[in-house]
Amino acid sequence: MFNFGIILFPGSNCDHDCYHAISNVFKQSCEYIWHENKGLDRFDCIVIPGGFSYGDYLRTGAVARFSPIMREVENFASSGKPVIGICNGFQILVETGLLPGAFIKNSTTKFICKWVNIRVENNSSPFTNLLNVGDVLRIPIAHAEGNYFATEDVISKLKDNSLIAFKYCDEEGIVSNSSNPNGSCENIAGLMNSEGNILGMMPHPERCSEEILGGTDGKSIFESIISWLKNSTGSKQIKTGRF
Amino acid sequence: MENLQIALNHGLSTQEYNKIVNKLGREPNLTEIGILAAMWSEHCSYKSSKIHLKRLPTKGANVIQGPGENAGIVDIGDELCVIFKMESHNHPSFIEPYQGAATGVGGILRDIFTMGARPIALLNSLRFGDPKLPKTRYLVDGVVSGIAGYGNCIGIPTVGGEVYFDECYNGNPLINVFALGITKKNEIFRGLARGVANPVIYVGSKTGRDGIHGAVMASETFTKEAEEKRPAVQVGDPFTEKLLLESCLELFKTGIVVGIQDMGAAGLTSSSTEMANRAANGIIIDIDKVPRREKEMTPYEIMLSESQERMLIVIKKGNEEIAERIFRKWNLDFSVIGEVTESSDLRIIENSDIMADLPISLITEEAPIYKRPSKKPAYLNNMKNFDIFSIPFPNNLDSIFLKILSSPTVSSKRWIFEQYDHMVRTNTVIPPGSDASIIRIKDTNKAIAITTNCNSRYCYLDPYTGSAIAVAESARNLACSGAKPLAITDCLNFGNPENPEIMWQFKKSIEGLAQAALVLNTPVVSGNVSFYNETEGVAIFPTPTVAMIGLIEDIRNHLTQWFEKEGDRIVLLGETKEEFGGSEYQKQIQGTVRGKPPQIDLRAESALIHTLLEASQTGILHSAHDLSEGGLATAISESCFTPNGSIGVKIKINDNMKIRNDAILFSESQSRALVSLERKNIPILDKITREYGVKMSNIGVVEGDRLFIENMIDIPINEGYNFWSSGFERILNSYA
């Protein structure tokens with residue numbers, strides 16, 4: 001059994017959902033970490049859940065990035081252990097600079113909550129190792145600012161180093177404008193840092209890990225993390241620079 | 001004379017003012033007038049509705065808390081209970097749609113968590129004017145964004161609801177919001193100021209000058225100057241509400257809470273006096289201690305402010321530090337502002353001066369109660385002589401059918417519900433779009449089904465029947481979802497009660513609700529009344545919105561409206577008559593709302609509900625869908641348009657129905673449902689329907705890619721789907 005830590009900011013609201021999935025569906029140990037607390041050494045994986053940290057009245061994640069816990073997360077990641085940011089968690093990782101780019105308002109200008117399809121672009125990460133490149137996952141999104149933006153330099157670096165984890169696609173896995181729900185550059189739905197141990201993704205795997213909720217494609221992401229933790233021999237020291 | 005004039009300006013009548021002077025033995029001061037005017041307003045006192053509301057059945061084996069508290073409570077077994085309520089935010093939403101709707105959501109959520117429950121679901125019932133008007137589009141956009149903005153941010157899913165359009169709402173949209181929470185039966189909190197000398201604490205946001213007179217505004221009709229009332233609308237802050245929610249739930253666990261109530265309409269005034277009244281105590285408030293946003297606020301302003309995200313809590317004396325630590329952790333204001341007294345008075349002090357001193361009972365229980373005169377509305381005299389044959393038989397049923405599918409009433413509301421986070425908290429088993437929304441209860445096999453209904457066209461034509469139908473359809477929706485109907489919360493939206501014709505509508509509506517609730521065994525446990533939905537003398541259609549909850553004991557038995565398998569047989573339950581009064585068909589063809597609404601036989605309804613429940617228990621049903629607006633043809637197509645793609649049908653209706661073809665397709669006869677099941681299970685269903693005396697007609701099979709109804713309709717299913725799925729957006733966008 002591995003120990004997952006879920007970071008709790010004022011305004012996080014998918015914390016219970018992640019906790020439920022990790023402890024009740026995947027039977028791992030799980031703890032909430034209040035954003036003012038310190039010390040993440042006892043954890044094997046850190047989850048930054050979705051929600052509206054500090055209400056997100058400014059840019060999403062713009063206040064949470066200043067919280068002391070983000071330094072702790074950076075240190076944790078530099079030990080090579082996996083960090084996953086989902087939705088607002090992804091936005092916070094980007095604001096903190098642990099992942100590149102920025103988020104702007106959805107091209108529809110509205111909040112969007114619906115099921116979408118994403119294609120797996122990289123299967124050598126702690127988060128996707130049980131999947132194949134080209135696999136299509138059916139998974140919900142729920143955000144108003146999920147429109148990923150990055151400069152061309154950053155996009156080519158992401159591509160050259162296979163750091164794009166997921167792209168929005170249609171049921172057949174075809175990536176196109178019509179399968180892009182929010183206007184994201186390159187249909188990016190999830191990406192990783194250079195070392196591959198920090199993943200940010202807009203879709204919610206915790207919302208599709210049980211049949212009763214209409215789909216189970218999210219399971220493969222949590223199961224990949226657990227499988228990776230099982231196979232990793234101690235913690236490799238990875239130097240996590242800013243992207 | 002001067003004080004009387006102030007009172008009149010506050011909406012009190014001369015008679016009411018004299019009653020106050022008599023009871024007090026003196027003239028009230030400005031602060032006291034403000035307090036009494038707010039609490040005696042229609043919105044807070046229910047003075048015109050109270051005597052009628054008494055007729056509603058409110059008790060039942062599962063009812064833990066009926067009307068009179070912040071919300072109703074129903075036992076769902078396993079030591080668990082659900083707490084729920086619906087409330088209107090009509091007036092503020094017309095003036096400022098985003099904030100009006102947002103604070104409606106905030107207010108109803110506080111009503112739920114003030115009772116100790118974590119809210120787990122939101123629904124809403126919306127009514128707007130003619131969708132062709134730019135103003136309607138502006139209101140739809142603002143209201144939907146406001147609900148989304150608040151609910152999404154605080155992280156409580158908006159799992160369903162309904163929206164209708166009609167010219168009668170042009171000047172008065174209706175925004176009714178519902179919330180449901182869950183808690184253990186032995187962890188319920190109430191709004192009680194018990195225990196003399198216990199401290200009264202204020203937590204949440206600071207008090208500002210926003211929303212002063214909100215309750216009074218909601219008790220007046222609109223004139224052209226409505227927009228000048230914008231300062232009476234509050235501003236919502238869902239982030240602070242999220243902190244307030246988490247901190248209150250944390251505080252409840254400490255065991256030091258005696259009573260708690262949110263500061264809703266009439267703010268600090270209503271929360272303090274209602275809590276004191278329920279416990280038969282008095283309360284003293286030191287106005288200097290109230291956290292405030294602005295300088296130099298008067299006691300009058302502080303007592304009447306409707307600033308959002310505030311709670312009033314009475315705790316056991318000596319535990320102030322424990323409470324303070326929790327609220328400080330969540331960065332919320334905390335202040336001990338007074339204490340519970342023996343005196344049975346509300347006393348407000350500022351710098352040791354007494355600014356108001358009123359008997360609690362005068363503010364609350366002794367508020368006036370009116371038996372207002374009622375008279376049958378003149379318009380109804382012209383309604384009865386409507387002849388169905390005055391609707392010409394259409395040349396092309398396909399085209400009228402597509403018109404109905406793409407109408408604002410019937411077409412898909414995806415444009416709305418995709419703006420709501422309807423999945424957060426990972427309990428949503430059936431999202432918006434089926435007969436009822438279904439949310440599971442984690443750590444149990446149970447689920448709760450929730451639906452809201454009101455066809456106000458029916459209510460306009462016959463308030464008794466229309467209101468009974470709102471209850472019946474709700475129960476039918478739940479039964480079609482495999483849920484046993486349990487209880488109701490309602491939002492009664494009407495025009496000006498001082499008009500006898502409106503009062504008549506209200507009285508008849510209550511009678512219909514009461515009768516249906518009684519027969520279907522679904523007591524009304526909470527709710528609200530919104531009068532004065534009237535602009536320039538034009539009232540809305542009577543709109544008694546019903547929200548009903550039901551229990552699914554074993555989540556595996558839940559049903560949806562969507563056809564599941566090719567080859568399944570389609571069965572119509574119930575009887576179809578030629579009933580076009582108030583129907584969508586009539587509206588589309590004639591552009592009017594006339595005649596008699598569909599009739600309702602509550603015993604037949606009850607029989608249908610029992611049939612559906614028993615059949616769902618046996619597991620033979622693959623889908624079940626109630627028939628409502630747009631009739632059989634619409635119900636069939638809605639069952640075809642599944643979230644995983646559309647599926648065709650081949651239908652053949654025996655002509656032994658002996659009614660017009662257009663009535664077979666579009667009549668809105670009540671107590672009917674459409675189910676699908678495997679052919680081999682038809683005898684089982686047959687046995688159940690016989691037992692309850694429900695008519696059963698085998699009408700076809702799930703098959704192919706056309707929507708085929710022999711001799712009537714034949715279109716490719718995808719064409720139907722396109723009309724239905726894009727109709728709503730097309731209407732909104734074409735007038736943007």
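Which residues line the largest cavity? I looked there first.

**Setup.** I worked on a predicted model, where local features need pLDDT of at least 70, side-chain atom pairs count only at pLDDT 80 or more, and totals for chains, interfaces and linings use all residues. Residues are numbered from 1 along each chain as written, chains are lettered from A, and side-chain values use heavy atoms without hydrogens or water.

**Cavity.** I found R127(B), Y164(B), F165(B), D166(B), Y169(B), T409(B), C454(B), N455(B), S456(B), R457(B) and E629(B) in the lining (an atom within 4 Å of a cavity point, on a 1 Å grid where a 1.4 Å probe fits but cannot get out). β5 (158-165) and α17 (456-461) of chain B each give two or more residues to this lining. I sorted the lining into 4 nonpolar, 3 polar and 4 charged residues (Asp, Glu, Lys and Arg are charged; Ala, Val, Leu, Ile, Met, Phe, Trp, Tyr, Cys and Pro are nonpolar; the others, Gly among them, are polar). The largest cavity holds about 90 Å³. The count is 4 cavities of 30 Å³ or more.

**Helix pair.** I then checked α18 (463-480) and α21 (602-618) of chain B (DSSP runs of H or I, at least four residues). Their axes come within 9 Å and cross at roughly 15°. That makes α18(B) roughly parallel to α21(B) (under 35 degrees). In contact (heavy atoms within 4.5 Å), A472(B), A475(B), R476(B), A479(B) and C480(B) of α18(B) meet L602(B), E605(B), L608(B), I609(B), L612(B) and L613(B) of α21(B). I logged 9 nonpolar, no polar and 2 charged residues in this contact.

How values were computed. Axes fitted to C-alpha atoms, helices over the stretch in contact; angles between N-to-C directions. Parallel < 35°, antiparallel > 145°, perpendicular 65-115°, else oblique. 1 Å grid on protein atoms, 1.4 Å probe; cavity = no way out; pocket = protein on both sides within 12 Å on 5 of 7 lines; lining within 4 Å. Points joined across faces, edges and corners; volume = space filled by probe spheres on them.
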